[in-house]
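Me: Please take a close look at the sheet in this chain, and set it in the context of the whole fold and of the surroundings of the ligand.

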Amino acid sequence: MSVPITVRPMTKADLGAAEALCETLDYAPSPDDLRSHYESMADSSEHSLMIAELGGRVVGFVHVFIKRMLEDAPQAQVQAIATLPDVQGQGVGSRLLAAAEDWARARGIGAVTIYCAEYRDDTHDFYAARGYDLTVRSSRFQKRLD
Ligand SMILES: CC(C)(COP(=O)(O)OP(=O)(O)OC[C@H]1O[C@@H](n2cnc3c(N)ncnc32)[C@H](O)[C@@H]1OP(=O)(O)O)[C@@H](O)C(=O)NCCC(=O)NCCS
């Protein structure tokens, strides 16, 4: 019998587990930063943070938000999606991605965009197998503001 996967909104109580999930994404926010980032979005209707549980254990999360632009219709952007290494390949990521799409669809959004690092070949295959087309290869520019 397969272990049930549950998807639900993230709460403050999940932030410890979210720390480990950020490591899967090669980020290491401090607990204080993570809490502050969470609190800046928790009440926003334009962001959704969702957790996946496998057999009651927090094993994944997705952050999706509505990106508004002057030049184009609003899109949903999956900002982050991650599952713990020891559960990957069991369907958790697929459930989280579908939940993000459902969230966007329910708000009348017509497309979902995901930016993914070049080196994540396996993840590119994951998106392609779930109907995502590679539309643009781009470079990221950033300036630190003092
Ligand atoms: C991408 C990711 C979220 C997928 O989650 P998951 O729980 O493994 O997803 P599922 O079990 O539903 O699907 C597994 C699929 O992803 C592929 N896959 C990608 N990376 C994988 C990995 N590290 N381990 C196992 N399968 C992986 C499998 O080949 C499988 O493909 P298929 O079902 O089309 O044959 C997860 O592997 C992950 O957190 N990766 C590291 C972080 C990352 O790349 N995040 C996205 C940044 S843009």
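Reply: From the N terminus on, the elements of the chain follow the sequence β-α-α-β-β-β-α-β-α, where helices (H or I, at least four residues) and strands (E, at least two) are DSSP runs numbered from the N terminus. The chain thus has 4 helices and 5 strands. Its radius of gyration, taken over C-alpha atoms, is 15 Å, close to the 15 Å of the globule rule (2.2 Å times the number of residues to the power 0.38) for 146 residues, so the chain is as compact as a globular protein of that length. This is a predicted model, in which local features need pLDDT of at least 70 and side-chain atom pairs count only at pLDDT 80 or more, while totals for chains, interfaces and linings use all residues. Residues are numbered from 1 along each chain as its sequence is written.

The sheet itself is open and has 5 strands in the order E1-E2-E3-E4-E5, with mixed pairing; two strands pair if DSSP finds at least two bridges between them. Its edge strands, each pairing on one side only, are strand E1 (5–9) and strand E5 (112–114). Neighbouring strands of this sheet are turned by 30 degrees against each other on average, direction ignored, with axes that are lines fitted to C-alpha atoms and angles that run from 0 to 180 degrees between N-to-C directions. Strands of a sheet pair through backbone hydrogen bonds, either parallel or antiparallel. Within this sheet, strand E2 (residues 47–54) and strand E3 (residues 57–67) are paired in the antiparallel sense over 8 bridges, and serine 48 stands opposite valine 64 in E3.

One strand of the sheet also takes part in the shell around the ligand. Of the 20 residues around the ligand, those that come nearest are Gln88, Gly93, Ser94, Asp122 and Ala129, a residue being near a molecule if its C-beta atom, placed from the backbone, lies within 6 Å of it. Two or more residues of this shell come from each of strand E4 (75–83), helix H3 (92–106) and helix H4 (121–128), and H4 gives the most, with 4 residues.

Helix H3 also holds alanine 98, which is partly exposed, with 13 other C-beta atoms within 10 Å; a residue counts as buried with 20 or more such atoms, exposed with 12 or fewer, and partly exposed in between, C-beta atoms being placed from the backbone. Of the 146 residues of the chain, 18% count as buried.
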